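Biologist: Please take a close look at a single part of this model, one strand and what pairs with it, and then follow the description outward to the rest of the chain. I would like one connected account.

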Amino acid sequence: MNRDYAADALAAVDREAIADADLRVAVDPGHGAGALVSPDFFRELGCEVVTVNANPDGHFPGRDPEPVPENLGDLCRLVRAADADVGIAHDGDADRAIFVDERGDVVDGETSLAALAAAALDPGDATVAAANVSQRLVDVVDEAGASLELTPVGSMNIITRIRELRHEGVDVPIAGEGNGGVFFPDYRLGRDGAYVGAKFLELLADQGAPVSDVVAPYAAYETVRESLSYDDEAELDAMLGAAEQFAREADAELDTTDGFRLDYGDAWVLVRPSGTEPKVRVYAEARERSRADSLATAVVDAVAAARDAAQNA
């Protein structure tokens, strides 16, 4: 492990509190860069560490490097078998961290971001997230008396906005996306999966509670995701035109940072074109599944009708 890196990271977290918590940590670096850093780093924090997929191998023989639930079965089983307090998984370049609770269940990245933000934000602070940010973080920001700045999807957009805010003298203690990519700008303006893991361990130590209890206040949300394909630019233009009309007529706060995001206070819906596929994405989120479904359905129906009309024109 790089000694300079370790020294900086260890100095930036409450090492004593983490060690006193006597945590058993299961780590799955997915054969990526984290295999060279994270297991030893968490041991230096005073944790007992067990690992899976921890030998560096660019062929990624154990699992796909993306730390999504369908790829984390090994880690979930290890948490249960080892009676670990928490599991930590990285992506290939180890700039993200996704967590598994003490029961072996994957914690949604939006949920862990909200839990970390609740601990980090004070009144007057700001946080930065992409336009598809979860209602979980919106509620945390409101409760903390902080402000939320939205950017187009993508970590570089988040970094740019953090820099702008800090130049204006605004404190941004945390920022990020729900894919496990969390920034702690006071430590480093870059994503660091091992450090995010350490901050989560710090949170567990501070609350003296299992992962499932720590994240419970931020877990009871329902998210709906839909995709609508199109064949040509005329169809796309028609779909986005319908989305804009729907947004302008809705009784909600509109944000056009990246597509059309409608904030209803208790829920939100976002329509945006994919940057990688000929599809329009629709996201909706609320505490009740029926509320999220109804919001998504209303937008999908309007956008699909416009596409079908363009096809028949």
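Modeller: In this predicted model, Glu222 stands opposite Ala286 in β14, and that pair is a convenient place to begin. The strand to which the pair leads, β14, spans residues 279-286 and is mostly covered, with seven of its eight residues buried. Along one side, strand β10 (residues 222-229) pairs with β14 in the antiparallel sense over eight bridges. Strand β13 (residues 267-273) also runs antiparallel to β14, to which it is joined by seven bridges, and here Val269 has Ala284 of β14 as its bridge partner. β13 and β14 form a hairpin, with five residues between them.

From this strand the account can turn to the nonpolar cores. The largest nonpolar core has 50 residues, and those with the most contacts inside it are Leu45, Phe200 and Leu201. At least two residues of this core come from each of α1 (3-11), β1, α3 (38-44), β3, α5 (109-120), α6 (135-144), α8 (193-207) and α9 (211-215). Among these elements, α8 supplies the largest share of the core, eight residues. Apart from this core lies another, of 24 residues, which includes Leu228, Ala243, Ala286 and Ala292; Ala286 is thus a member of this second core as well as the residue of β14 that stands opposite Glu222. As a general matter, nonpolar side chains tend to be buried together in soluble globular proteins.

Returning to the core of 50 residues, Leu45 is in contact with Leu10, Val13, Arg15, Ile18, Ala19, Ala198 and Leu201, if its neighbours within four places in sequence are left aside. Two of these partners, Ala198 and Leu201, are also listed among the buried residues of α8. That helix has 15 residues and reaches 21 Å from its first C-alpha to its last, close to the 21 Å expected at 1.5 Å a residue. It is mostly covered, 12 of the 15 residues of α8 being buried, and the buried residues include Lys199 and Glu202 alongside Phe200 and Leu203. At the N-terminal end of α8, Asp192 acts as a cap, with a side-chain oxygen 3.2 Å from the backbone nitrogen of Ala194. After the helix comes Gly208, whose phi is positive, near 60°.

A second helix, α4 (residues 73-82), shows how burial can be arranged around an axis: Leu75, Cys76, Leu78, Val79 and Ala82 are buried. These residues lie on the same side of α4 because they cover an arc of only 160° around the axis. The strands against which the buried residues of α4 pack are β1 (24-28), β2 (48-51), β3 (86-89), β4 (98-100) and β5 (106-107). Just after α4, Asp83 takes a positive phi of about 55°.

Elsewhere there is an open sheet of four strands, in the order β7-β6-β8-β9 and with mixed pairing. At its edges stand β7 (147-151) and β9 (182-183), each with a single partner strand, so one side of each is left without a neighbour in the sheet. The partner of β9 is strand β8 (residues 174-176), with which β9 pairs in the antiparallel sense over two bridges, and within that pairing Ala175 stands opposite Phe183 in β9.

How values were computed:
Residues numbered from 1 in each chain as written. Predicted model: local features only at pLDDT ≥ 70, side-chain atom pairs only at ≥ 80, totals over all residues. Heavy atoms only, no water. Buried < 20%, exposed > 50% of the residue type's maximum accessible area, 1.4 Å probe, protein only. Arc of directions from axis to C-beta. Contact = heavy atoms within 4.5 Å. Core = buried A, V, L, I, M, F, W, Y, C linked by side-chain atoms within 4.5 Å. Pairing = 2+ DSSP bridges. Expected span 1.5 Å × (residues − 1). Polar contact = N/O pair within 3.5 Å; in protein donor to acceptor, adjacent residues only side chain to side chain.
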